[in-house]
Each structure stands twice: as C-alpha cells, then as structure tokens.
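Here is a short tour of one protein chain, meant to be read with the model open beside you. Please have the viewer ready to jump between strands and helices as we go.

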Amino acid sequence: MGRGLTGRRSFGHAGLALLVAGLCVVAASILLSRLDPGTEAVKLCMQVSVAVAAGALFIAALCIRRISEDRRQIAESEQRFRRAMEDSAIGIAVVGLDGRILQTNPAFAAMLGYSRAEIEALTFFQITHPDDIQIGRDTMAGLKAGTVNSFHFEKRYLRKDGTPVWAHLAGSVIRDERSGRPLYLVSQIEDIDARKQAEARIAEAETRWNFALAGAGQGVWDLDMRKGGTTYSETWVKMLGFDEGELDGDPNCWLTMIHPDDRQTVAEADRAHLDGKTPYFEAEFRMRHKDGHWIWILDRGKAIERDEEGRLVRAIGSLTDITRRKEAEARLTVSAAMLADEKERLRVTLQSIGDAVICTDAANRVTFMNPVAEKLTGVAGGEALGKMLGHVYWAVDEETGHRIGVTRPAIGGGQAPADQNSRAVLIRRDDTRCSIRQVVSPIINERNEFCGLVIVFQDFTDARALQRQLAHAAAHDALTGLANRSSFIRAMEDLVDQARKGGISGTDSGYQFMFIDLDHFKLVNDTGGHAAGDALLKRVAEAVRGVLGPEDMVARLGGDEFAVVLKSGSAAGAKIAARSIIDAIRGLDFAWDGRPHVIGASIGLAAIGASCGEVDEIIARADAACYAAKAAGRGCVCVAPDGEVMDDRMEPPEPLAAAS
C-alpha cells in the first residue's frame, strides 16, 4: 500500500507541473499579444495554452479522485485493524519506545483486571512482575539498537489486585518508512497462566513422586528400546555407588552386576515375564556395589509396551535396597524378644517386611495377618481375625507328618527364645501343601508378661527342593547313583564309633565290610571306550544293589572299585553274599556295538568291630584281601584277619568257576 501511495503522489506532482506549465504558456501568449506579433502566432499560442491548461486540469482532477480513494481505503484498513484489535480474544497493545501503553484492546485490559483508560495510563514496566522487568528492558534495548525486529518470550504481568499472571508475548517493531527509525511496538499477549499452573502442578507431582521414591530408598529404571538402552534414576545409581548417567545405555549392564549365584534365578524370572507367563517381574537378588561389597535388591518391573510381533519395546520398574531387611531376618530371633506389646508399632513393622506374618494374642487368637500370609495360607485377613490359630495356620513336620505345635512358651526369668523350623510343611484348607521355613517368636512385654506370638514364615518349596538335590548330589555318585566315597566313609565312621562304644568285636557286631574290584574292566574301556565303561558300571551298580538287602550300604569308591557294608549277618553270611555278587556280575549280559563283554569281580572281606582300628585301616585290610583274591586267580572271595596288623594268616581265597 505504501508503494501505491508513493506512485499516486508522483502522479499528482506531475499533474501539478503540467498545470504550471500551461499557466506559463497562457502568460507567454498574453505577453506576445502585447508585443504585437502576428495574428496567427498569437492564435497558435492561445490554442496551445488552452490545451495545456485543460490537460493539467484533467490530470489534477484525476489526482484528487485518487487521493480521495486512498483516504477511503486507509480509513477502511484502520477500521479493520480497530475491529480486529477490539474483537481479538487475546490481548493486543501498542507500546511506545519509552514503555508507555499507547493503545490496547479490551482483552488485554480484562486479562489484568483494568479498564482500557486505566491501563493506557500506565507503562509496561508498571504492570510487569519485578522478576521479569529485565526481559522487557533487554527487548527495548535491542529494538533501539536495531538488532531486534520481532520478539517472542514468556513473562509474568501483575493484575490490578497484585496477583501474577503468566503471558506469552509475540510482536514486532513498526519503523519509519524512510528513515527506518523505530516508532512503536505492536504486541500480542496470550494468557498462558492456566498452562503454567498445570505445568507447575505436574512438576510438583513429579517432585513429590521422586521424593517419595527417594525417601523409600527406591530407584527407578526405564528400558526403552526405541532410545536404545536403559536409563536409571539418581536414587538407583547412588544406591550402587555410581554417578548419575554412569550406567545409562546398555540394557544388559545390570545383569553383569548381579551375584553369580543369583543370575540364573533372575534371568528365569525376567524371561518368564517377557514371555507373558507372569503379570510382572519380581526378584530378590544381590548386586555388586561400586566399592565391591554386595547389597540385597528387590526388583519389580513390568513390560508396558510391545511391538506388533510381541517383542518388548518399553519396560519400567523399581529397585529397593532390602539389605537391612535381609539382615533383620537373621536377627529376627533377638528382635522378636525385644518387641513391646504396642500393637500398632508391631503392625507397621510387620507390614513393611516381605515375609508372611501372623500375630496372635495371649489366647492364641489371630490378631494380624499381612498380605503375604493371606496368600500362603489361602485365608483372607478379615476372615482370620479373632479365630484360633489352628483354623488359619496348620504346619506339620516334613519327615514325621506330626503337627508342629505353636503354643505359649514357659515364662522364666530370662528371655523366651524363638522357635525355628526349616522343615515345616504348611497344609492349607484345600489340602494343598507348601514347604515353609518358620520362626515363632513370643511377645514378652516389659513386665515379663506373655502377650502373644509372631509367626514369620516363607514359601520354602523351591529352596527345599534345591537343598534336597544338592544334598543328594553331595552324597551320591553322579554316574551310578550309589553313595559316593565321602558319604560312605562318614557312615562307616559312625558304625565304628558304635562298635567301640558297645565294645563289640568284629565277629559279633554283624557289620562286615566288602571291597569289590572288577576283573577285566579295563578291556571294556579299551575296546568300547569310556561310554561303554560308564554303561557297564551302571549295570554293575544295579546288580550289586539287587543282591543285597535294603538296609545294606553300597558305594562306589572310584573307578571300578565298589564297597559294601553288610549291616546284618555273620562272616559266613558275608561270604555267601560276596559269592552272590560275583555271580551276578559274571552273569551280566552286556554288549556294546554288537560285541559282548564278560567281566568278573574279586572281593575282599573285613569285619567292623571295636578292635578293628580306624576306617582307613579296615578298608586297607579289605583292599589287601581283594588283591589276594586277584592273585589267586580272580573271581574269588578273600577274608582279611581281624586285628590291627596284616600278616600272612589271611584266610585263603575260595576259587570259583569264574576264575580267569
């Protein structure tokens, strides 16, 4: 519009020049007439003057019309601006370079609670929050210096009642068309106070959440495959002695920090959740602190996003340092005796641990059950309150099946000890069972009065099964399933101690030791390989076990050597049993890769009695007798003499048909 007005001004100036030129021509014509030129010349000058004057008048009329049209358009444009400013839903203000508010609209006045007249009498600095005044000053300085042509920022204004309100400003500078000098500012002011308050509430809630997690000692981890790794909260990394951000990135980093004994359990729980078998991941394990010591961790998490193929995209969880709780479990016996009868404190304490807890009063009625106890017993806490303990909790001994009594202890002069049991079995109402480890602690008040019981128990089914497996593996040969050398030696030591305490001689004790060495076994290994030898050893173990009674002990001492303790029978009976073993081994129908193999056995016998010496001496005598049997042609039984010293009076071996 400015260029159009400029063009129209130029057009008007040209018309005016043409009018002046016409007047000059007319004046020249009059002057010529006075100088008495020729009639024709005067006539020509007059005609030219009239034509020029007429053209000038026409052009002047056009210019006047143009100027009127421009004024009309300017008035319409100004009216549109005024209507837009008046009807705008956001505030608009025209501000001078000195900060005075030259003009504003109702929306801005209403936003701050002023009338238009009131707010136009103020400066921007008077209605700006003191902490944000510098923003406006810096903007003004940039405008005057010519470095700023437009601006966008957020600041706080002060309403008429003095309360602050957040606003977003967007505006530009109006400059002089010719000189470029800044004249004033036009600003659009949007009320963003509601958004700012919402952001503040969100930030406050997040701060409370973070403080709550930090106060509870819980760290948060966030696995996001889209971002390529895992991020950990400040509490999480500090819990393990690291700096913030030091562990971010590698999603498998935490697995390398887990105690080797716990990794398999954690990996299985993690895999079960990722496969959808469990609703969430939960595990207790040890993690290595940066300084090298181990801390106990309770890890809970959940997959919250998967892709179309079911693969994990994002998971979030928390870690809690439960080292104190684990240490508290070890000190539970002492802690339980020191608890007072303040019921509320006891309830809070028991609610905070992860074990199952049942509390009773002095009459053995249930007064408290935590959620873990409800889950393990299958009885809701509300239903159990006030009932006798036997209606809720029924535990029996794993081996005897007898009920484990939970009764009031005898109160003496000292502290009542806690009763621990690691082989209890909990029988639920639906007759299902689970192995538990229980600790029953009496509550004794300061007056040495019995106030009730605290029963703490854990689901020990998996741990109990693992213990059995480990105990069996420690005492049995992995190949044959027979007792191994160490467990066999311990059993013999017990028998020797019994014989000594009873003063029983080797002939009267009824205990006979048998050392068995296989004949021709090396040939099987050499021709068929160790796989054939292992298969044959299993068959030999079955054959020996099948000949003996259930109370007799059978062990594999190593290689192709076996040992037997006959717990009943005389020395003559031991010889018969030994011959039966030789016959059973000789009669094995064993073939490997289509090739039959026949082996035999040589056996040395020695009595177990009070005067027979230590276990290794008994084994040595039986071993020597076995070698004598081999020297006599193999497939024989040789009996070692009683006594502590071997001599040449060994009973000669009895040859059998199996001699090589």
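A good place to start is Phe 285, whose bridge partner in S9 is Ile 297. That pair belongs to a longer ladder, since S8 and strand S9 (residues 294–306) are joined by 8 bridges in the antiparallel sense. Please keep in mind throughout that this is a predicted model.

**The sheet around S8 and S9**

Stepping back from the pair, you will find an open sheet of 5 strands, ordered S7-S6-S10-S9-S8 and paired antiparallel. Strand S7 (229–232) and strand S8 (281–288) each have a single partner strand, so they stand at the edges with one side lacking a neighbour in the sheet. On average, neighbouring strands here are turned by 25 degrees against each other, ignoring direction.

Two helices pack on this sheet. Helix H9 (residues 260–274) touches S8, S9 and strand S10 (312–321), and its direction makes about 155 degrees with that of S8. Helix H10 (residues 323–330) also touches S8, S9 and S10, with its direction at about 130 degrees to that of S9.

**A closer look at His 273**

Within helix H9 sits His 273. Is this residue buried or exposed? His 273 counts as buried because its relative accessibility is 6%, and the cut-off for buried is under 20%. Beyond its neighbours within four places in sequence, His 273 is in contact with Thr 278, Pro 279, Tyr 280 and Phe 281, and also with Gly 301, Lys 302, Ala 303 and Arg 306.

**The sheet from S1 to S5**

Another open sheet of 5 strands runs in the order S2-S1-S5-S4-S3, again with antiparallel pairing. Its edge strands, strand S2 (101–104) and strand S3 (150–158), each pair on one side only. From one strand to the next, the twist averages 30 degrees. Inside this sheet, strand S4 (residues 164–175) and strand S5 (residues 182–191) pair in the antiparallel sense over 9 bridges. Along that pairing, Ser 172 stands opposite Val 186 in S5. Helix H5 (residues 133–145) lies across strand S1 (91–96), S3, S4 and S5, and runs at about 150 degrees to S3.

Here are the two sheets in brief.

| Strand order | Edge strands | Turn or twist between neighbours |
|---|---|---|
| S7-S6-S10-S9-S8 | S7 and S8 | 25 degrees on average |
| S2-S1-S5-S4-S3 | S2 and S3 | 30 degrees on average |

**Where H17 meets H21**

Now for a helix pair. How do helix H17 (residues 485–502) and helix H21 (residues 615–631) cross, and at roughly what angle? Their axes come within 9 Å and cross at roughly 105 degrees. H17 is therefore roughly perpendicular to H21. From H17, the contact is made by Ile 489, Met 492, Glu 493 and Val 496, while H21 contributes Val 615, Ile 618 and Ile 619. By class, this contact of H17 with H21 has 6 nonpolar, no polar and 1 charged residues.

**The chain as a whole**

Finally, zoom out. The secondary structure of the protein chain comes to 21 helices and 23 strands. Of its 660 residues, 38% are buried. The chain exposes about 36,400 Å², with carbon and sulfur atoms supplying 54% of that area. Among contacts between residues at least 6 apart in sequence, 54% join residues at least 24 apart.

How values were computed:
Residues numbered from 1 in each chain as written. Predicted model: local features only at pLDDT ≥ 70, side-chain atom pairs only at ≥ 80, totals over all residues. Heavy atoms only, no water. Axes fitted to C-alpha atoms, helices over the stretch in contact; angles between N-to-C directions. Helix = DSSP H or I, 4+ residues; strand = E, 2+ residues; numbered from the N terminus. Parallel < 35°, antiparallel > 145°, perpendicular 65-115°, else oblique. Contact = heavy atoms within 4.5 Å. Nonpolar A, V, L, I, M, F, W, Y, C, P; charged D, E, K, R; others polar. Pairing = 2+ DSSP bridges. Buried < 20%, exposed > 50% of the residue type's maximum accessible area, 1.4 Å probe, protein only. Areas by Shrake-Rupley, 256 points an atom, 1.4 Å probe, with all protein chains shown as cover.
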